[in-house]
Amino acid sequence: MRHADSVSPAPLDAPVATRPPRILYRRARVQDGTDQAEVFRHAVMQGAMAHYTLAAREAWAAVLPREGCAWVARQALYTTLVATRDGRCVGFIEIDSRRHHVESLYVWPSLARRGIGSTLLAHAERLLREQGVTRLGIDASLVMADALERRGWRRVREEWVERGGQRLCRRHLVKSLEASGG
């Protein structure tokens, strides 16, 4: 599952400093746990600033531990794919294969909107199609819900969830994984 970022490579004679860093995609490893914790925290605290209050983001970030070992334990529960740059996890997706559901999808905020999350989703969709899954669900935060809907996900409902005394809005979306579906 080696996949370089969609940025065109620099000419071979270009100075090394001008070449964009490569984003590689693979299954998560134990050593990714600490990075996953940091990606999650920063994606919530910084990446969601435009959509949720500070109190809501703090409550959301507190839901999952900041210790890498907790994220490694989640790797045993969910199929976890990571995007790496320079050997470090900069984004990840957790898939609950039994429920045909994306449990989480986070990208380091400064790398958001560069196709990393979309590529992680594409890899997850491919894996699920190979398992015969025809439909995928996600409970999307307001950070990414509109973008997913523009990419063919269908809104089933909007809902409010409670996290640490704060109410956060999210959308339950579904996508057909059938060859003719979008």
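Two strands pair if DSSP finds at least two bridges between them. With that in hand, here are some views of this predicted model.

**View 1. The whole chain combines five helices and seven strands.** From one end of the sequence to the other, the order is β-α-α-α-β-β-β-α-β-α-β-β. The chain has 182 residues, and 46% of them count as buried. Among contacts with a separation of 6 or more, 59% join residues 24 or more positions apart. About 10,000 Å² of the chain is exposed, with carbon and sulfur atoms supplying 51% of that area.

**View 2. Strands β4 and β5 run parallel to each other.** Take a look at β4 (residues 101-107), which pairs with β5 over two bridges. His101 has Gly137 of β5 as its bridge partner. Between the two strands the chain passes through helix α4 (residues 116-130), making a right-handed β-α-β crossover.

**View 3. Strand β5 is largely enclosed by the rest of the structure.** This strand covers residues 135-141, and five of its seven residues are buried, so the surroundings largely close it in. Its pairing with β7 is antiparallel and extends over seven bridges. Within this pairing, Ile138 stands opposite Leu173 of β7.

**View 4. His172 sits in strand β7.** The strand spans residues 166-176. Is His172 buried or exposed? His172 has a relative accessible area of 13%, so it counts as buried, the cut-off being under 20%. Leaving aside residues up to four places away in sequence, His172 touches His101, Ile138, Asp139, Arg154, Arg155, Val156 and Arg157.

Key:
Residues are numbered from 1 along each chain as its sequence is written. This is a predicted model: local features need pLDDT of at least 70, side-chain atom pairs count only at pLDDT 80 or more; totals for chains, interfaces and linings use all residues. Side-chain values use heavy atoms; hydrogens and water are left out. Helices (H or I, at least four residues) and strands (E, at least two) are DSSP runs, numbered from the N terminus. Buried means under 20% relative accessible area, exposed over 50%, partly exposed in between (1.4 Å probe, protein chains only). Contact means heavy atoms within 4.5 Å. Accessible areas come from the Shrake-Rupley method with a 1.4 Å probe; for residues, only the protein chains shown count as cover. A crossover is right-handed if, with the strands pointing away from the viewer, the path from the first strand over the helix to the second runs clockwise.
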